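Grab a pencil and work through this set of exercises on a structure. Each task comes with a solution right below, so cover that part up if you want a fair go.

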Amino acid sequence: MKKSKLSSRITWRVILIIAIFNVFIIGAVFFFDLVIVGLHGEMLAQQIMDGIDSKMTGMLRAAEITARNNVAEFEANLDSPEKVFDAMERELLLNNRYLGCGMGFVPDYYASQGRWFEPYVKMTDSTHVQRKQIGSAEHDYFSQEWYLKGISLAKGQSYLTDPYFDKDGGECMMATYVTPVYDRQGRAVAVYGIDVNLSWVERNISYEENRVMEQGFEDSDDDYDGHKSFFIQILDSRGKKIAGSETLEASTIQALLENDSTKWRTRLVNDTPYFLSSKRLGSTGWTMVVGQHRDFVLFSGYFLGIVIVVLMTIGGIVIYFFMRHAIGRAVKPLRSLSESAQEVAHGNFDKGLPTFKHQDEVAQLRDSFSTMQESLKQYVEELKTSTAAKASIESELNVAHNIQMSMLPKNFPAFADRSDIELYAQQKPAKAVGGDLYDFFLSDEKLFFCIGDVSGKGVPASLVMAVSRTLFRNITTHLEGPRHVVESMNAAICEGNDNNMFVTLFVGVLDMQTGHLRYCNAGHDAPLIIGGNAGVGSEKSAAGEPQTSSQLSTVHCDSNLPIGIEPDWHFTEQETDMVPGSTIFLFTDGLTEAENGGHELFGDERISSVLSSFQGSPQQLIETMTEAVRHFVGDTEQSDDLTMLAIQYMPVRK
């Protein structure tokens, strides 16, 4: 008897053709629709940016021209402070749309006025002004960026400052066009600035947003799940928000500032997907950002897709009822087998399978299920015991590793906007989780950093590591001295330390302006310095600048206990000076005690050998040291956590 095939008794071919045809139509319509709405959104963003750019460029250009034109009047009235005030008042009344104007003179220019003379004239209303002399020891403008940059400009040059709040002059958020003032002998004697109130920037943004809404968009601040459907924002050259309501992530701001313009990129804003476009505004250095909620832009595409899906669904239902009767008879045996298989799938391995009179594919499948059912009974019992515990442990360790790694800084370069410091760090746990830690951050022109090694390895050490890193961050927000930081951490770790865990720790505070380094070493390996001896006694050139070389030296450290042993231990603090261009290299004992197959240790001599001939960046230093360790240990399994931190101090010469 000839076997009948299941495929000959059902109409899968017809259903497959219909499904492919529907998917093709839906996909094509969706594709072209999304392309069109995307182009429309991009054109809208470009139109808005061009409009605001044109207005801002015109207004700021007018302020720049006014500032340059006023200088000639001031240069002709430098005979006395009173004439300077009179000239500033006349010019401001002629240009009363500006907030005010000021002039910072070089030290002791007018003997009667003392070292600081900074006349400022402010508009009180459209016809009256107020005079002030705001220069003083408390308001030392000689150290401010606008003065330093302005006094260095050539005659006729000017620049626009980033927005700032001036509590002594304009008393509001503003930006200033700055240009130098020269005397008759051609000397730069003062810096003149005309202040622009930035409230007009916010008004222009509000105007453009309202104009977009009037073109047919919903006028609502919470159009999509509590997020704005459309926003405009302006950032200054450092990424600080000048105007606008949304707050962008630091990574997004950095990406926008790196390019003069960005077209139609998807980024997260407050964990919400937006299409962002950006444009650099003329010569200001500011960046305008237009954000459109992704769902807001793609709404029409979604709507059309839903309509098509609904129509296709209705068509599918009609076809289904026509074919249901014919297919139902063909798949009835398969349905019965499926129900039995579901019982087996839910763990009922003793469930009996149905029998069929036709020896077709369904009957063959039934026989295969029967064989598989018996095999599963034996296999599941063996697998339950051997895999359950292992899977649970591996999953938990993986989660713990990810949490621990996320606590440590790992984005390098760490301070991309600074040229006076370069830093790199690397941690490699011996197990899934480890007990080494490092951390660093900048605050008030001081670099706070630490490196530590918790006794033991694995999960217990990782928990103490997490606590130590958290304590370092919390305590350094209130205390600045390394000794006080270490003593506070020691007291916290000692409290309730029933397992007698301890942490070797090195904490340092580097003054970025002077290179002065204060540190406290709690039983940790002493750091090494490459590039000249640090501290008092460093040789200097005839010009008074520190001499740098490839010399390698060890930072002198007093004998302190690790933290977590003695709560009342009095830790000592030491200090030294970093030579410009020098690099301090910190590490844990996982480096010195790295062991090869012959049970030899990597040791201090090999570390010194690598460092003494090295010249390069901190990242290259750590990569070179890592390669040296890898070459030394070969295939030997890592026995201890390995952490390295390198900091290169490169102060900017003025």
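What follows is a short set of tasks with step-by-step solutions.

This is a predicted model, so local features need pLDDT of at least 70 and side-chain atom pairs count only at pLDDT 80 or more, while totals for chains, interfaces and linings use all residues. Residues are numbered from 1 along each chain as its sequence is written, and side-chain values use heavy atoms, with hydrogens and water left out.

**Exercise 1. The overall picture**

Task: Work out how many helices and strands the chain has, and what share of its residues is buried.

Solution:
- Start with the secondary structure: there are 13 helices and 22 strands. These are DSSP runs, H or I over at least four residues for helices and E over at least two for strands, numbered from the N terminus.
- Next, burial: 44% of the 654 residues in the chain are buried. Buried means under 20% relative accessible area, exposed means over 50%, and partly exposed is in between (1.4 Å probe, protein chains only).
- Then the surface: about 34500 Å² is exposed, with carbon and sulfur atoms supplying 54% of it. Accessible areas come from the Shrake-Rupley method with a 1.4 Å probe; for residues, only the protein chains shown count as cover.
- Finish with contacts (heavy atoms within 4.5 Å). Of those between residues at least 6 apart in sequence, 65% join residues at least 24 apart.

**Exercise 2. Salt bridges**

Task: Find which parts of the chain are tied together by the Glu 73 and Arg 90 pair.

Solution:
- Count first: the structure holds 20 salt bridges, each a side-chain nitrogen of Lys or Arg within 4 Å of a carboxyl oxygen of Asp or Glu.
- Glu 73 and Arg 90 make one of them, with the closest N and O atoms 2.6 Å apart.
- Glu 73 sits in helix α1 (residues 12-75) and Arg 90 in helix α2 (residues 81-94), so the bridge ties together parts 17 residues apart in sequence.
- Both ends are partly exposed, Glu 73 at 26% and Arg 90 at 39%.

Task: Now do likewise for Lys 155 and Glu 75.

Solution:
- These side chains meet in a salt bridge at 2.8 Å, N to O.
- Lys 155 is in the loop between α3 (145-151) and β4 (159-160), and Glu 75 is in helix α1, so this pair ties together parts 80 residues apart in sequence.
- Check the cover: Lys 155 is exposed at 53% relative accessibility, whereas Glu 75 is buried at 16%.

Task: How far apart, in helical turns, are Glu 627 and Arg 630?

Solution:
- The two form a salt bridge, their closest N and O atoms being 2.5 Å apart.
- They are three residues apart in helix α13, so about one helical turn separates them.
- Glu 627 is partly exposed at 39%, and Arg 630 is partly exposed at 49%.
- For a network, look elsewhere: Glu 82, Asp 86, Glu 89 and Arg 131 are joined by salt bridges that share partners.

**Exercise 3. A charge without a bridge**

Task: Which side chain of opposite charge is nearest to Asp 640?

Solution:
- Locate Asp 640 in the loop between α13 (618-633) and β22 (642-649).
- Asp 640 is buried but has no salt bridge, and the nearest side chain of opposite charge is Lys 457, 4.6 Å away. Here Lys and Arg count as positive and Asp and Glu as negative; His and the chain ends are not counted.
- Leaving aside neighbours within four places in sequence, its contacts are Ala 430, Lys 457, Asp 589, Gly 590 and Glu 593.

**Exercise 4. Cysteines**

Task: Explain why Cys 557 and Cys 520 are not bonded.

Solution:
- Recall that a disulfide is a covalent bond between the sulfur atoms of two cysteines. The cut-off is a pair of cysteine sulfur atoms within 2.5 Å.
- The structure holds zero disulfides.
- The sulfur of Cys 557 has its closest cysteine sulfur in Cys 520, 9.1 Å away, which is too far for a bond.
- Cys 520 is buried, at a relative accessible area of 0%.

**Exercise 5. Backbone oddities**

Task: Where is the loop that holds Pro 413?

Solution:
- The loop runs between α8 (361-407) and β13 (421-428).
- Phe 412 and Pro 413 are joined by a cis peptide bond, with omega about 5 degrees.
- For a positive phi in a residue other than glycine, try Asp 444, near 55 degrees. Asp 444 is in the loop between β14 (436-443) and β15 (446-454).
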